[in-house]
Amino acid sequence: MKLKGIKNVVTEARNNLGKNNLYLQVNVDKTTGKVWSDLHCSIGQNSWTEYADKDVLNCGNISDKNITMAEIKAMVERKLNGR
């Protein structure tokens with residue numbers, strides 16, 4: 001499956017992370033391959049977005065503004081492969 005939107009997640013990380021307890025929740029739609037992020041602010045990263053669509057998977061959180069496209073792709077692929 002071709003993943004789309006990873007570059008946008010990297011851009012959002014570079015523009016927003018590194019500031020007061022901000023982090024991104026990375027998501028993927030397993031039917032379309034669309035990848036996107038939700039910006040959250042919480043000291044313990046205990047805030048998240050839940051989607052009612054069973055095809056949308058939460059792949060985890062990132063807080064490093066220097067994350068690479070390859071690292072995000074690996075994160076999403078691990079989730080898609082059930083790891």
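Is Gly 18 buried or exposed? Gly 18 is exposed, with a relative accessible area of 70%, where buried stands for under 20% relative accessible area, exposed for over 50% and partly exposed for values in between (1.4 Å probe, protein chains only). This glycine, Gly 18, is found in the loop between H1 and S1. Its C-alpha atom and that of Gly 60, 42 residues apart along the chain, are separated by 17 Å.

The structure is a predicted model, in which local features need pLDDT of at least 70 and side-chain atom pairs count only at pLDDT 80 or more, while totals for chains, interfaces and linings use all residues. Residues are numbered from 1 along each chain as its sequence is written, and side-chain values use heavy atoms, with hydrogens and water left out.

The chain contains two helices and three strands, taken as DSSP runs (helices: H or I, at least four residues; strands: E, at least two) and numbered from the N terminus. The order of the elements from the N terminus on is α-β-β-β-α. The radius of gyration of the chain is 12 Å, close to the 12 Å given by the globule rule for 83 residues, so the chain is as compact as a globular protein of that length. The radius is taken over C-alpha atoms, and the rule is 2.2 Å times the number of residues to the power 0.38. Along its principal axes, the C-alpha trace spans about 35 × 25 × 20 Å.

Of the 83 residues in the chain, 36% are buried. The exposed area of the chain is about 5200 Å², of which carbon and sulfur atoms supply 47%; accessible areas come from the Shrake-Rupley method with a 1.4 Å probe, and for residues only the protein chains shown count as cover. Contacts are defined by heavy atoms within 4.5 Å. Among contacts between residues at least 6 apart in sequence, 58% join residues at least 24 apart. The chain carries 13 positive and 9 negative charges, and the mean positions of the two sets are 6 Å apart. Lys and Arg count as positive and Asp and Glu as negative, with His and the chain ends not counted; the charge is placed at NZ of Lys, CZ of Arg, CG of Asp or CD of Glu.

One aromatic pair is found in a search of the whole structure. The pair is formed by Trp 36 and Tyr 51 and is edge-to-face, at 5.6 Å centre to centre and 85 degrees between the planes. Trp 36 lies in strand S2 (residues 35–41) and Tyr 51 in the loop between S2 and strand S3 (56–62), so the pair ties together parts that are 15 residues apart in sequence. Rings of Phe, Tyr and Trp (its six-membered ring) pair if their centres lie within 6.5 Å; planes under 30 degrees apart count as stacked, over 60 as edge-to-face and the rest as tilted. Trp 36 counts as buried at 19% relative accessibility, whereas Tyr 51 is partly exposed, with a relative accessible area of 35%.

Helix H1 (6–16) contains Val 10. Val 10 counts as buried, at 5% relative accessibility. Leaving aside residues up to four places away in sequence, Val 10 touches Ile 67, Thr 68, Met 69 and Ile 72. The C-alpha atoms of Val 10 and Asp 64 are separated by 9.9 Å, with their positions 54 residues apart along the chain counted as sequence separation.

Helix H2 (residues 69–80) includes Leu 80, and Lys 73 lies in H2 as well. Leu 80 is partly exposed, with a relative accessible area of 32%. Outside the residues up to four places away in sequence, Leu 80 touches Leu 3, Val 28, Lys 30 and Leu 57. The C-alpha atoms of Leu 80 and Val 28, 52 residues apart along the chain, lie 8.5 Å from each other. Lys 73 counts as partly exposed at 41% relative accessibility. With residues up to four places away not counted, Lys 73 touches Leu 3 and Ile 6. Lys 73 and Tyr 51 are 22 residues apart in sequence and 21 Å apart in space, C-alpha to C-alpha.

Most residues other than glycine have a negative phi. Phi of Asn 21 is near 60 degrees, a positive value. Asn 21 lies in the loop between H1 and strand S1 (22–29) and counts as partly exposed, at 40% relative accessibility. Phi of Gln 45 is likewise positive, near 50 degrees. Gln 45 lies in the loop between S2 and S3 and is partly exposed, with a relative accessible area of 32%.
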